[in-house]
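Got the viewer open and a selection box ready? Let's take a walk through this one, stop by stop.

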Amino acid sequence: MAKRDYYEVLGVAKDVSSQDLKKAYRKVAMKFHPDRNEGDKAAEEKFKEASEAYEILSDDQKRAAYDQYGHAGVEGQSGMGGGEGFGNFSDIFGDVFGDIFGGGGGRGRGGPSRGSDLRYTLDLSLEDAVRGTTVKIKVPTLVNCGTCGGDGAKPGTSPTTCNTCGGHGQVRMQQGFFSVQQTCPTCRGKGKSISDPCKSCHGRGRVEETKTLSVKVPPGVDTGDRIRLAGEGEAGADGGPSGDLYVQVNVKDHEFFQRDGKNLYCEVPISIFDACLGGEIEVPTLDGRVKLKIPVETQTGKLFRLRNKGVVPVRGGSAGDLLCRVILETPVNLSSKQKDLLEQLKDSFKGKTHSPKQHSWFDGMKNFFGDMKM
Ligand SMILES: [Zn+2]
Ligand SMILES: [Zn+2]
């Protein structure tokens, strides 16, 4: 396919000024930029074509060569020329668009940039996590300097455009045939210089401050959940937007309960009498104590489920359960009379009737050693 005329590609006359050329390229490039035309091959081609045209025509030397000899005069001199991918276009792209896209997205250019996100770990009791609460937290952060309003210049003065880069934040260095873009060494990419820095922030425009924030914790949160406070992170540089603050929830261990998602677990000691004869015990829940019926002949380790006494999850849904595991407690500090009575009780337990599990276990063990011929 024959190459289109570069002036035609950008829709400009042969005697176009460099400013109008830039404007024209900006218009075409905005229209066909890959971010706006995802998957559109034709648009991508048009974008590359325009970028190539602009790269040649924006360089006086190359433009002169092109004017005299046409495409042949500048063959192989464009970053995009015929090759695959986008090559060097990002350089000229950033050059032209840096001022619209706010600093060229992390390419080291100056200008406004978004403040950092902050993270804060919030320790909560299980009760507060389950019920929800509002807590005040103190966060050290960078805020816009109140003295200078964030521009870093002493009140009554204002920053001036950097003389070295003319406010672009970038300078072009000629290295042999190539021209290379570099962050301006004078203003470090900001495009502005401050002759009389603000005393409060030393010209940085931001100061450290401890902010007190009120965090609303919704009911049902769990360890690992994050609450986002938009715009409460660090202030942006040079008037850029603030970052966000992420409050990371950490639920502290509880005296009685272990939490697993929406269910709660607890261990409850019971006496051998309740275990044998049955009874009623009190167990803790997050809403206070409730009575739990222990059936006759309850074994240690048995799990009792109390429906809906768990946690209502923060993302909605039904409440979980509370699972109580009863642990049989061996009596201690026995008097001699109690020991006598237990001896008598023991004598009354003859045969396999009263502890079937123990007997089958011992039988199994005998078989095991029998098999080994010991
Ligand atoms: Zn200041
Ligand atoms: Zn500069």
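Start by selecting R228 and D244: the two form a salt bridge, and their closest N and O atoms are 2.9 Å apart. Keep in mind as you click around that this is a predicted model. R228 sits in strand β8 (residues 226-229), while D244 is in the loop between β8 and β9 (245-251), so this pair ties together parts that are 16 residues apart in sequence. Is D244 buried or exposed? D244 has 7% relative accessibility, so it counts as buried.

**Next stop: the first zinc**

Select the zinc ion (ligand 1) and show the side chains around it. Its protein donors are the SG atoms of C145, C148, C198 and C201, lying 2.3 Å from the ion. Why call the arrangement tetrahedral? Because the 4 donor atoms around the zinc ion (ligand 1) subtend angles of 103 to 115 degrees. For comparison, the ideal angle for four tetrahedral donors is 109.5 degrees.

Now look at the donor residues along the chain: their spacing is C-x2-C-x49-C-x2-C. Colour C148 and C198 to see what that long gap does. C148 lies in the loop between β2 (133-144) and β3 (160-161), and C198 in the loop between β6 (192-193) and β7 (206-217), so the pair ties together parts that are 50 residues apart in sequence. Both of these cysteines, C148 and C198, are buried.

**The second zinc**

Move over to the zinc ion (ligand 2). Which residues coordinate it? Pick out C162, C165, C184 and C187, each through SG, at 2.2 to 2.3 Å. The site of this zinc ion (ligand 2) is tetrahedral as well, with angles of 101 to 115 degrees among its 4 donor atoms. Along the chain, the donors of the zinc ion (ligand 2) follow the spacing C-x2-C-x18-C-x2-C. Switch on a surface and check two of them: C162 is buried at 2% relative accessibility, and C165 is buried too, with a relative accessible area of 6%.

**Charged pairs**

Time to hunt for salt bridges; the whole structure has 21. Try E49 and R4, whose side chains meet in one at 3.0 Å, N to O. E49 is in helix α3 (residues 41-57) and R4 in the segment before α1 (6-10), so the pair ties together parts that are 45 residues apart in sequence. R4 is partly exposed, with a relative accessible area of 34%.

Then select E55 and K62. This salt bridge has its closest N and O atoms 3.9 Å apart, and the cut-off is within 4 Å. Both partners are buried: E55 has a relative accessible area of 13%, and K62 has one of 10%.

For a group rather than a pair, select K41, E44, E45 and K48, which are linked in a network of salt bridges.

**Last stop: an arginine without a partner**

Finish on R63, in helix α4 (residues 60-69). What is the nearest side chain of opposite charge to R63? That would be D67, 4.3 Å away, and R63 is buried yet has no salt bridge. The cut-off for a salt bridge is within 4 Å. To see what else surrounds R63, leave aside its neighbours within four places in sequence and display its contacts: Y7, K14, D15, V16, I56 and L57.

Key: Residues numbered from 1 in each chain as written. Chains lettered and ligands numbered in written order. Predicted model: local features only at pLDDT ≥ 70, side-chain atom pairs only at ≥ 80, totals over all residues. Heavy atoms only, no water. Helix = DSSP H or I, 4+ residues; strand = E, 2+ residues; numbered from the N terminus. Buried < 20%, exposed > 50% of the residue type's maximum accessible area, 1.4 Å probe, protein only. Lys, Arg positive; Asp, Glu negative; His and termini not counted. Contact = heavy atoms within 4.5 Å. Donors = N, O, S within 2.8 Å, 3.2 Å for Na, K, Ca; no water. Tetrahedral: all angles 85-135°; square planar, octahedral: opposite > 155°, others 65-115°.
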